[in-house]
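Please look through the sequence and the structure shown here before reading on. The report that comes after them is meant for a reader who has not met this structure before.

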Amino acid sequence: QVQLVESGGGLVQAGGSLRLSCAASGRTFNSYVMGWFRQAPGKEREFVAAIRWSGGNTRYADSVKGRFTISRDNAKNTVYLQMNSLKPEDTAVYYCAADLNALPGFVGSSTGRYDYWGQGTQVTVSS
């Protein structure tokens, strides 16, 4: 079993920054891909960013490239999402997820690839 716990969400004005954290426990993660997704009211859950624990390969949605940065601290089993230049359209519940079966070098963006999910943390960006 894998447990994922997100934190760091909140209310911020447009142009501001937030850093989300995802603490992972339950198994070793060296071969996993960790992803961030988000879901706004009335919309489908969408990919934001992902990173491989080993090697650090990353992938970003076009909508966040240049503004968001995903990183990991292997010693703490924690993945971060640094969000800068936030926009009202970034408002959503943000979820951390783990892909346990990613092929070497591959970083997936499909929700169906991810096996474990956190409970989510709300991010609200006011205009």
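What follows is a description of the chain as a whole, then of its charged side chains, and then of some individual residues.

## Overall fold

This is a predicted model, and the secondary structure of its chain consists of eleven strands and zero helices. Read from one end of the sequence to the other, the pattern is therefore β-β-β-β-β-β-β-β-β-β-β. The radius of gyration is 14 Å, close to the 14 Å that the globule rule gives for 127 residues, so the chain is as compact as a globular protein of that length. Taken along the principal axes, the box that the C-alpha atoms fill is roughly 40 × 25 × 25 Å.

Among contacts with a separation of 6 or more, 58% are made by residues that stand 24 or more positions apart in the chain. Of the 127 residues, 44% are buried. The accessible surface of the chain is about 6200 Å², and carbon and sulfur atoms account for 45% of that surface.

## Charges and salt bridges

The chain carries 13 positive and 9 negative side chains, and a distance of 5 Å lies between the centres of these two sets. The structure holds five salt bridges, and the pairs described here are among them.

One of these salt bridges brings together the side chains of R38 and E46, with 2.6 Å from N to O. The two partners can be set side by side in terms of exposure: R38 counts as buried, with a relative accessibility of 7%, whereas E46 is partly exposed at 37%. Another salt bridge is formed by the side chains of K65 and D62, at 3.2 Å from N to O, and in this pair D62 is exposed, with a relative accessible area of 65%.

A further salt bridge links the side chains of R67 and D90, with an N to O distance of 2.8 Å. R67 is in the loop between β6 (58–60) and β7 (68–73), while D90 is in the loop between β8 (78–83) and β9 (92–99), so this pair ties together parts that are 23 residues apart in sequence. Both R67 and D90 are buried. Through salt bridges that share partners, R38, E46, R67 and D90 are joined into one network.

## Two residues with positive phi

Most residues other than glycine have a negative phi. Against that background, N77 may be noted, since its phi is near 50 degrees, a positive value in a residue other than glycine. N77 is located in the loop between β7 and β8, and with a relative accessibility of 26% it counts as partly exposed. Although N77 and G26 are 51 residues apart along the chain, their C-alpha atoms are separated by 10 Å.

S85 also has a positive phi near 50 degrees and is likewise a residue other than glycine. S85 is found in the loop between β8 and β9, where it counts as partly exposed at 40% relative accessibility.

## A buried valine in the last-numbered strand

V125 belongs to strand β11, which covers residues 121–126. With a relative accessible area of 5%, V125 is buried, because a value under 20% is taken as buried.

Which residues does V125 touch, not counting those up to four places away in sequence? They are V12, Q13, A14, L86, K87, P88, D90 and T91, and this list includes D90, the residue that forms a salt bridge with R67. For K87, which is 38 residues away from V125 along the chain, the separation between the two C-alpha atoms is 6.1 Å.

## A partly exposed glycine in a loop

G105 lies in the loop between β9 and β10 (116–117). Is G105 buried or exposed? It falls in between, as a partly exposed residue with a relative accessible area of 48%.

When neighbours within four places in sequence are left aside, G105 is in contact with R52 and N57. The C-alpha atoms of G105 and G56 are separated by 9.3 Å, while the two residues are 49 residues apart along the chain.

Terms used: Residues are numbered from 1 along each chain as its sequence is written. This is a predicted model: local features need pLDDT of at least 70, side-chain atom pairs count only at pLDDT 80 or more; totals for chains, interfaces and linings use all residues. Side-chain values use heavy atoms; hydrogens and water are left out. Helices (H or I, at least four residues) and strands (E, at least two) are DSSP runs, numbered from the N terminus. The radius of gyration is taken over C-alpha atoms; the globule rule is 2.2 Å times the number of residues to the power 0.38. Buried means under 20% relative accessible area, exposed over 50%, partly exposed in between (1.4 Å probe, protein chains only). Contact means heavy atoms within 4.5 Å. Accessible areas come from the Shrake-Rupley method with a 1.4 Å probe; for residues, only the protein chains shown count as cover. Lys and Arg count as positive and Asp and Glu as negative; His and the chain ends are not counted. The place of a charge is taken as NZ of Lys, CZ of Arg, CG of Asp or CD of Glu. A salt bridge is a side-chain nitrogen of Lys or Arg within 4 Å of a carboxyl oxygen of Asp or Glu.
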